[in-house]
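Trainee: I would like to learn how to read a structure I have never seen before. Could you take me through one, feature by feature?

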Amino acid sequence: HSNLGNAYLILSEYGSRADNCRKAIRACQEALKVYTPEEFPLDYAEVQGTLWLAYLTMADIELKTENCMLALEACQERINIYAAGQPLKHASCQRDLAITYNTLANIEDTLEAKADDCKKAILASRTALQIYTPEDFPKEYAEVQMLLWASFVSLAEVEEKAENCKNAIVACNNALEVYAKKCPKDNADIQKNLGYTYVALAEMENKAEN
C-alpha cells in the first residue's frame with residue numbers, strides 16, 4: 001500500500017491529478033493501519049511524507065484550506081518522528097512545513113491568520129537552516145532562503161512592510177550567493193524576485209535608490 005501510494009502520486013503528474021491523488025491517499029491510509037509510529041516509526045514517517053504531498057497537490061485542485069490543513073497534519077507527524085536523531089530528515093520536514101504554511105497564507109480569509117501562517121513558515125525555514133548550511137547543503141540552503149523570501153514578502157502585505165521587504169531582500173541575496181555562478185536560470189529567477197522586492201520597498205522609502 002505504501003508503494004501503491006507512491007505510484008499513484010507519480011501518476012498524478014501525468015493526468016487525472018485529483019483521482020490519482022485520492023487513490024494515493026487511500027493507499028496511504030491503508031498502510032497506516034499497520035505502520036504505527038510506535039512499532040514502525042520510519043515506515044510511518046515515510047507514508048506521512050507521501051500523504052503530505054498528496055494533500056498539498058489536492059489543495060491546488062479543490063478544498064484548498066481543508067487539504068492544506070491535512071498536509072500540515074501529515075508534515076507534523078513526520079517531524080515528531082524525525083525530531084530526535086534524524087537531523088537531515090527533520091530539516092527536510094521543516095522545509096515542507098514552510099512550503100505548506102506559505103501555501104496556506106495565500107488563501108487565508110483574515111490578515112491575522114495570514115500573518116500567523118507567514119510567521120510559522122519563517123520559523124520552520126529558520127529551523128531547517130540550522131542544518132542546511134551553505135557550505136554543506138548549498139542547494140537546500142538556497143531553496144529555503146527563497147521560502148524565507150516568499151514568507152517575508154507575504155508578511156509585508158500584512159504588517160511592517162518596509163522591515164519585512166528588507167528581510168526578504170536579505171534572503172534573496174543569501175540565495176544568490178549559491179546560485180550566482182552555478183545555475184543561470186535560478187539566478188535569473190532570484191534576480192527577478194529581488195527586483196520585485198526593491199520596487200515594493202521603494203514605495204515606502206529611498207525611492208530613487210531602491
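Trainee: Let me begin with a single residue: in which helix does Glu-77 lie?

Mentor: Keep in mind that this is a predicted model. To place a residue, look for the element that holds it. Glu-77 lies in helix 4, which covers residues 64–82.

Trainee: Is Glu-77 buried, partly exposed or exposed?

Mentor: Here we compare its relative accessible area with two cut-offs: buried is under 20% and exposed is over 50%, with partly exposed in between. Glu-77 has a relative accessible area of 24%, so this residue is partly exposed.

Trainee: Which residues is Glu-77 in contact with, leaving aside its neighbours within four places in sequence?

Mentor: Glu-77 is in contact with Tyr-44 and Gln-48, once neighbours within four places in sequence are left aside. You can also compare separation along the chain with separation in space. Glu-77 and Ala-54 are 23 residues apart along the chain, and their C-alpha atoms are separated by 15 Å. Gln-76 also lies in helix 4 and counts as partly exposed, at 34% relative accessibility. Between Gln-76 and Lys-89 there are 12 Å from C-alpha to C-alpha, with 13 residues of sequence separation.

Trainee: Now the whole chain, please. How many helices and strands are there?

Mentor: Count the elements, then read their order. The chain has nine helices and zero strands, and along the sequence the pattern is α-α-α-α-α-α-α-α-α.

Trainee: What radius of gyration does the chain have, and what would a compact globule have?

Mentor: This is a check of expected against computed. A compact globule of 210 residues would have a radius of gyration near 17 Å, and the chain has 18 Å, so the two agree. The C-alpha trace spans about 60 × 40 × 30 Å along its principal axes. Of the 210 residues, 45% count as buried. Contacts add to the picture: among those between residues at least 6 apart in sequence, 58% join residues at least 24 apart.

Trainee: What can I say about the surface and the charges?

Mentor: The accessible surface comes to about 11,100 Å², and 52% of that belongs to carbon and sulfur atoms. For charges, compare mean positions: those of the 21 positive and 32 negative charges are 5 Å apart.

Trainee: How do I read one helix, say helix 6: what should its 19 residues span?

Mentor: At 1.5 Å a residue, the 19 residues of helix 6 should span 27 Å; the end C-alpha atoms are 27 Å apart, which agrees. Next, look at which residues are buried. In helix 6 they include Ala-115, Cys-118, Ile-122 and Leu-129. An α-helix has 3.6 residues a turn, so residues three or four places apart point the same way. The buried residues of helix 6 pack against helix 5 (87–105) and helix 7 (138–156).

Trainee: Is Lys-114 buried or exposed?

Mentor: Lys-114 belongs to helix 6, and its relative accessible area of 14% means that it is buried. Beyond its neighbours within four places in sequence, Lys-114 is in contact with Ala-105, Glu-108, Ser-154, Glu-157 and Val-158.

Trainee: Against which helices do the buried residues of helix 2 pack?

Mentor: Those residues pack against helix 1 (2–11) and helix 3 (41–59). Among the buried residues of helix 2 are Asn-20, Cys-21, Ile-25 and Cys-28. The length check works too: the 15 residues of helix 2 should span 21 Å at 1.5 Å a residue, and the end C-alpha atoms are 21 Å apart, which agrees.

Trainee: What should I look for outside the helices?

Mentor: Backbone angles are a good place to look. Ser-16, in the loop between helix 1 and helix 2, has a phi near 50°, a positive value in a residue other than glycine. Asn-206, in the segment after helix 9, has a positive phi near 40°.

Trainee: Which residues does Asn-187 touch, not counting residues up to four places away in sequence?

Mentor: Asn-187 touches Leu-176, Tyr-179 and Ala-180. Its place is in helix 9, and at 17% relative accessibility Asn-187 counts as buried.

Notes
Residues numbered from 1 in each chain as written. Predicted model: local features only at pLDDT ≥ 70, side-chain atom pairs only at ≥ 80, totals over all residues. Heavy atoms only, no water. Helix = DSSP H or I, 4+ residues; strand = E, 2+ residues; numbered from the N terminus. Rg over C-alpha atoms; globule rule 2.2 N^0.38 Å. Buried < 20%, exposed > 50% of the residue type's maximum accessible area, 1.4 Å probe, protein only. Contact = heavy atoms within 4.5 Å. Areas by Shrake-Rupley, 256 points an atom, 1.4 Å probe, with all protein chains shown as cover. Lys, Arg positive; Asp, Glu negative; His and termini not counted. Charge placed at Lys NZ, Arg CZ, Asp CG, Glu CD. Expected span 1.5 Å × (residues − 1).
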